Amino acid sequence: VSYARRAWIIFHKDLLVERRSKEQTNALLFFCLLLLFLFQFALGPDRERLASALPGLLWLGFILAGLLGLGRSFLAERENDCWEGLRLTPGDKSAIYLGKLTGNCVLMTAVEIMLVLLFALFYNVDLWTPAAPLALVLALGTLGLAAVGTLFAAMTTQVRAGELLFPVLLLPAQVPVLLAAVSATQALLLGQPLADVAHWLKLLAGADCVYVTIGVLTFEFVLEG
Amino acid sequence: VTHAPGWLAAVSLAAGLAAGFGYAPREAVQGDVQRIMYLHVPSVLTAYLAFGLVLLGSIGYLATRRPGWDLLAGAAGEIGVLFTGLTIVSGSIWGRPTWGTWWTWDARLTLTLMMFFMFVGYLVLRGAVTDPALRARYSAVLGICGLVLLPFIHLSVYLFRTLHPMPIVLKPSAPSAPPAMVITLLSSFAVFTLLYVGFVMQRYALGEASNDA
């Protein structure tokens, strides 16, 4: 079985489980809706203040949803002792990582699209004009978030009090990604062209490359033993 | 042998203090508060050194599986957290009279704080895993992840607008401070490096002793 095929099998399995149980998607969507309410409470009805805080809130929403979603990446494997099965998989273990990462990116993207639509609806923001560049920023940010999240989730699933440890480890590692993503989103929402945020996009793309590479290289050490 | 660098560091620390307060001239604009630089800059350099050692120990462990490498990475991680803490605190004390605030969300400060959190997380992970082999493996992976952030921290200094003073010695052109200041700064680098070696050796010996027990 080829490398790509093995990654696909993992991805397909996760997607299938999610499609049939809808365990995460339903809860995460409702969670996002609740987040919107909370943000509204926290900031009050002042439209100006809301508008300036919006990019940060948007990414805060993504990261909170991501913490919940990504942290569960390997829960099914642990609960059903499938961890052994993953470990016994022949060949390069990083295929498993890439499969899981793709699955997480798809899940995160689905949640993010819903959250963005809800934001546009509730806070009356025009997201249509900068839609294409915004999608690029979202894609790069999501990849960075999921790349580290998947790797750390594999570790913390095996550790006592892991669900608490997961955000403690993930959040500092995400600061460059968050910083770049929030700044780029802010500029785009203010109507600046994509060229103005090129340096942020470069930072994001650079971080993504580094994170994914690290994940691919170190995943086999996490999985063994 | 374990104690030798420690004692050497203690003696040279006293000499460094004397140089910082006596030999180095008073800065014209900032006044005496500038002398904190002789603590602040070597601290951060030592923190970087320590985190470099975490990376080395992590890679060494994953490559050879010798527990000694893990012990080294763990010791260096603790010392790194200590010196990053020192950097932040000393910078804060300098910032109060100079910038008029203890803390500002400047890019460089924020990212140093992030580095601090990252390695506190590293220590928390080490504390949470009881199985030594598992702990060594996981913390090695985390150590490597944490270290790839350092280039971003350095990059950020040039990418963002920042209040933080620019490097004086380690830059392409000639040093832009009087020789006495540069000499004091360079000798405090040496003092802190000694101190760091002493701490790491102590911590390593402690770790070894607790493993044997």
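**Entry 1: salt bridges**

I counted salt bridges first, and the rule gives 7 over all chains. I note here that the model is a predicted one. I picked one pair to look at: A:Asp14 forms a salt bridge with A:Lys100, and their closest N and O atoms are 3.0 Å apart. I then looked up where the two partners sit. A:Asp14 is in helix H1 of chain A and A:Lys100 is in helix H6 of chain A, so the pair ties together parts that are 86 residues apart in sequence.

**Entry 2: the second largest pocket**

I met A:Asp14 again when I turned to the pockets. The second largest pocket has a volume of about 610 Å³. I find 27 residues in its lining, and the closest to the centre of the pocket are A:Asp14, A:Leu15, A:Val17, A:Glu18 and A:Gln24. Which elements give two or more residues to this lining? I list helix H1 (3-21), helix H2 (23-43), helix H4 (75-79) and helix H6 (94-123), which belong to chain A. H1(A) gives the most to the lining of this pocket, with 7 residues. I also sorted the lining of the second largest pocket by class: 8 residues are nonpolar, 9 are polar and 10 are charged.

**Entry 3: where the chains meet**

I moved on to the two chains. In chain A, 28 residues are in contact with 26 residues of chain B. I wrote down a general point before the area: the size of an interface is often given as the accessible area lost when the parts come together. Between chain A and chain B the buried area is about 2300 Å², and carbon and sulfur atoms give 82% of this. I looked up the top contributors in chain A. A:Met155, A:Pro172 and A:Phe221 supply 21% of the area that chain A buries against chain B, more than any other three residues.

How many salt bridges cross from chain A to chain B? I get 0 by the rule. For polar contacts between chain A and chain B, I get 2 residue pairs, both at pLDDT 80 or more.

I then took the side of chain A that touches chain B. The elements giving it two or more residues are H7, helix H8 (162-189) and H9 of chain A. H9(A) has the largest share of this side, 11 residues. By class, I count 21 nonpolar, 5 polar and 2 charged residues on the side of chain A that touches chain B.

**Entry 4: cavities**

I finished with enclosed space. Rolling a probe the size of a water molecule over the atoms shows where empty space is left. The structure holds 2 cavities of 30 Å³ or more. The largest cavity has a volume of about 80 Å³. I find 12 residues lining the largest cavity, and A:Val148, A:Phe152, A:Tyr211, B:Cys145 and B:Val148 are the closest to its centre. The elements that give two or more residues to this lining are helix H7 (131-156) and helix H9 (198-223) of chain A, together with helix H5 (132-147) of chain B. H7(A) gives the most to the lining of the largest cavity, with 4 residues. Is this lining mostly nonpolar or charged? I count 11 nonpolar residues, 1 polar and no charged in the lining of the largest cavity.

How values were computed
Residues numbered from 1 in each chain as written. Chains lettered and ligands numbered in written order. Predicted model: local features only at pLDDT ≥ 70, side-chain atom pairs only at ≥ 80, totals over all residues. Heavy atoms only, no water. 1 Å grid on protein atoms, 1.4 Å probe; cavity = no way out; pocket = protein on both sides within 12 Å on 5 of 7 lines; lining within 4 Å. Points joined across faces, edges and corners; volume = space filled by probe spheres on them. Nonpolar A, V, L, I, M, F, W, Y, C, P; charged D, E, K, R; others polar. Contact = heavy atoms within 4.5 Å. Buried area = accessible area lost by both parts, 1.4 Å probe. Salt bridge = Lys/Arg side-chain N within 4 Å of Asp/Glu carboxyl O. Polar contact = N/O pair within 3.5 Å; in protein donor to acceptor, adjacent residues only side chain to side chain.
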